[in-house]
Amino acid sequence: MGLKEELIKFRTKFNENIEDVSKKTPINLDDKVDEFIDWYFNNMVKGKYTDIGEYNFPRKMRDLIEKIAVWYELRYPSYEINKLMPGSGQEQINVNDVMFRNNPYVNELLDENTDTKELDWDEFYNTNVFIKSLPWEERCYFSNPIYNDVVYLNPNSRTAHLHLTKNGFVEMAEDVTGYTYYEIKDEELTGLNVRDVVKLFHEKGIELPNNNELDNVIESADNWIYQKEGILDCAMYRIIERGGNRFGPRRAFLFAKEFGRNIDIPMMYAVDRSDPGLRLFINEYIKAGGSKDLECYVGYFSRTSKKEKVDTISVQDLILTQNNDAATFYTPEEDDLHKKFINSIASQVDSDVVKQEEVKKIRLERKLERSRNRRQ
């Protein structure tokens, strides 16, 4: 049975058993945002501000997440997303024309031949510019954690302590030698990251008190990093929800690649079997390192309630069953790859045939040589 027949057989079997596909209650993305806001309140706000601050900071965090999602929509409008990864009819509009070439302000201020009109909007409104345009109270969330300049091993005694750089490296240690009874000397710690200092204490079997400031500054830094990662993840969730079944996952996929988020998440929420560009999107996901074993929700945006269960399907099954369009099963890129593969095999076969002929020729020559030697 050939590859085509196997594929038809698989698709027929799949369609017959579609009702047997396991159903799951999908993870609601807005709930994930709520979970992060709760974590943010409990770990970064509660007990550290006034009642007014405790009420307002979670609201401001939610606003920042929404602002990031809106910025990415402005940077990549739906019609531009559709050009990068088609999913519906093309709209005859170009964001570069809108922002630069046909912008009355630009036309009045600058000469029509200026290079400014050759700018790309997505590069112009880039991440660095966006972050710098934020007010400090929002911009600070994108900075790295800053460590205390002095931390005490035992705050109750206030003797042995470390002087840290803002990045958490030991500039100088004082009285650690005596504190550890010469197990660890002050000079040994210079240049180490505070995490490596704690690791060294554990290796030497030296216990630090429960309220030591080394663990505290590490926990604080970890929380700050988790906060930054959570903001970006939640922005991606909102990009998916705000953009709907086609533009949302595609735009979020670009966001995930740019900010190092998990590209599986946009793919999980992208399956609309009527989407004419779904197979193209799958190919982009696979080329970016995605997994064919990933289970995706079918029709997440077609639910009538967030508790409604939906079918799931793996990326591998999508590849085997999702047409490129009404006329073709494979995308042009896939057809080209298939041709290259077949040509490669054919070339290898031809090469093997030539090698076999050469071997036969060598063997024949050896036989003739042995025959001549015997006659002599």
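1. Asp-275 sits in the loop between α14 (264–268) and α15 (278–287). This is a predicted model, and in it Asp-275 is buried, with a relative accessible area of 2%. Leaving aside residues up to four places away in sequence, Asp-275 touches Gly-87, Arg-246, Arg-250 and Gln-322. One of these partners, Arg-246, is 29 residues away along the chain, yet the two C-alpha atoms are separated by 7.5 Å.

2. Now the chain as a whole. The secondary structure comes to 17 helices and six strands. The chain has 376 residues, and 39% of them count as buried. Take the contacts between residues at least 6 apart in sequence: 59% of these join residues at least 24 apart.

3. How are β2, β3 and β4 ordered in the sheet? The order is β2-β3-β4, in an open sheet of three strands with antiparallel pairing. The edges are held by β2 (150–152) and β4 (170–174); each has a single partner strand, so one side of each lacks a neighbour in the sheet. From one strand to the next, the twist averages 20 degrees.

4. The β2 pairing can be followed residue by residue. Strand β3 covers residues 161–164 and runs antiparallel to β2, with three bridges joining the two. Within this pair, Val-151 stands opposite Leu-162 of β3. As a reminder, strands of a sheet pair through backbone hydrogen bonds, either parallel or antiparallel.

5. Which helix lies across β2 and β3? Helix α13 (residues 213–259) does, running at about 125 degrees to β2. Asn-223 belongs to α13. Asn-223 is buried, at a relative accessible area of 18%. Not counting residues up to four places away in sequence, Asn-223 touches Trp-39, Asn-43 and Met-44.

6. Helix α13 also packs with α3. The axes of α3 (residues 51–75) and α13 come within 10 Å and cross at roughly 50 degrees. That angle makes α3 oblique to α13. The crossing is right-handed.

7. Which residues make the contact of α3 with α13? From α3 they include Met-61, Leu-64, Ile-65, Ile-68, Trp-71 and Tyr-72. From α13 they include Ile-231, Cys-234, Ile-239, Leu-254 and Phe-255. Charged residues take part as well. Among them are Glu-66, Glu-73 and Arg-75 in α3, and Arg-238, Arg-242 and Glu-258 in α13. The full contact divides into 15 nonpolar residues, one polar and seven charged.

8. Two residues deserve a look at the backbone. Most residues other than glycine have a negative phi. Asp-175 has a positive value, near 65 degrees. Asp-175 lies in the loop between β4 and α10 (176–179). Is Asp-175 buried, partly exposed or exposed? Asp-175 is partly exposed, with a relative accessible area of 45%.

9. The second is Tyr-182, whose phi is near 70 degrees, again positive in a residue other than glycine. Tyr-182 is placed in the loop between α10 and α11 (186–189). Tyr-182 counts as exposed because its relative accessibility is 61%, and the cut-off for exposed is over 50%.

10. Points to check on screen: the surroundings of buried Asp-275, the right-handed crossing of α3 and α13, and the positive phi of Asp-175 and of Tyr-182.

How values were computed:
Residues are numbered from 1 along each chain as its sequence is written. This is a predicted model: local features need pLDDT of at least 70, side-chain atom pairs count only at pLDDT 80 or more; totals for chains, interfaces and linings use all residues. Side-chain values use heavy atoms; hydrogens and water are left out. Two strands pair if DSSP finds at least two bridges between them. Helices (H or I, at least four residues) and strands (E, at least two) are DSSP runs, numbered from the N terminus. Axes are lines fitted to C-alpha atoms, for helices over the stretch in contact, and angles run from 0 to 180 degrees between N-to-C directions. Contact means heavy atoms within 4.5 Å. Angles under 35 degrees count as roughly parallel, over 145 as roughly antiparallel, 65 to 115 as roughly perpendicular and the rest as oblique. A crossing is left-handed if the near helix is turned anticlockwise from the far one by less than a right angle, and right-handed if clockwise. Buried means under 20% relative accessible area, exposed over 50%, partly exposed in between (1.4 Å probe, protein chains only).
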